[in-house]
Amino acid sequence: MRLKHIGSTAINGIWTKNIIDILLEVRDEADMVFAATRLTDNGYIFMSKEAAGISFNKGYTEQGGAEKPFHIHPHLQDDNDKLFSATI
């Protein structure tokens, strides 16, 4: 498994939301199930499922927002739909 910091907070010098987005690359479906189990065991809430991955979040309250929310996106490795590279 490999972690990558993604989203607006991963880009220096731009305005960002206070959400930390992490891409967790997994090798196969077995690793996906393992990651999902570990995340829910540690207080992360399942949010959505896509063709190549799932997403969880932590840090929100029953009223909605949070001071420091985290989104973790377990995805199959080599599925780069959440990554974008640009030269500025």
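Two strands are taken to pair where DSSP finds at least two bridges between them. By this criterion, the predicted model contains an open sheet of five strands, arranged in the order β1-β2-β5-β4-β3 with mixed pairing. The edge positions are held by β1 (2-6) and β3 (45-49); each has a single partner strand, so one side of each lacks a neighbour in the sheet. On average, neighbouring strands are turned by 25° against each other, direction ignored.

The pairings can be followed across the sheet. At one edge, β1 and β2 run antiparallel and are joined by five bridges, with Arg2 having Glu25 of β2 as its bridge partner. Strand β2 in turn runs parallel to β5, to which seven bridges join it. Here Glu25 stands opposite His75 in β5. Glu25 is thus bridged to Arg2 and also placed opposite His75. At the other edge, four bridges link β3 to β4 (residues 54-58) in the antiparallel sense; among the residues concerned, Ile45 has Asn57 in β4 as its bridge partner. As for the setting of β2, six of its seven residues are buried, and the strand is therefore largely enclosed by the rest of the structure.

Helix α1 (residues 29-41) lies across β2 (20-26), β4 and β5 (70-76), and runs at about 165° to β5. The length of the helix agrees with expectation: at 1.5 Å a residue, its 13 residues should span 18 Å, and the end C-alpha atoms of α1 are 18 Å apart. At the start of α1, the backbone nitrogen of Ala30 has a side-chain oxygen of Asp28 within 3.2 Å. Just after the helix, Gly43 adopts a positive phi of about 90°.

The two sides of α1 differ in their exposure. Asp31, Met32, Ala35, Ala36 and Leu39 are the buried residues of the helix. Because these residues cover an arc of only 140° around the axis, they fall on the same side of α1. An α-helix has 3.6 residues a turn, so residues three or four places apart point the same way. The cover over the buried residues of α1 includes β2, β4 and β5, the strands across which the helix lies. On the other side of α1, by contrast, Ala30, Val33 and Asp41 are exposed.

How values were computed
Residues are numbered from 1 along each chain as its sequence is written. This is a predicted model: local features need pLDDT of at least 70, side-chain atom pairs count only at pLDDT 80 or more; totals for chains, interfaces and linings use all residues. Side-chain values use heavy atoms; hydrogens and water are left out. Helices (H or I, at least four residues) and strands (E, at least two) are DSSP runs, numbered from the N terminus. Axes are lines fitted to C-alpha atoms, for helices over the stretch in contact, and angles run from 0 to 180 degrees between N-to-C directions. Contact means heavy atoms within 4.5 Å. The expected span of a helix is 1.5 Å times one less than its number of residues. Buried means under 20% relative accessible area, exposed over 50%, partly exposed in between (1.4 Å probe, protein chains only). The arc is that of the directions from the helix axis to the C-beta atoms. A polar contact is a pair of N or O atoms within 3.5 Å; within protein, one must be able to donate a hydrogen and the other to accept it, and residues adjacent in sequence count only if both atoms are side-chain atoms.
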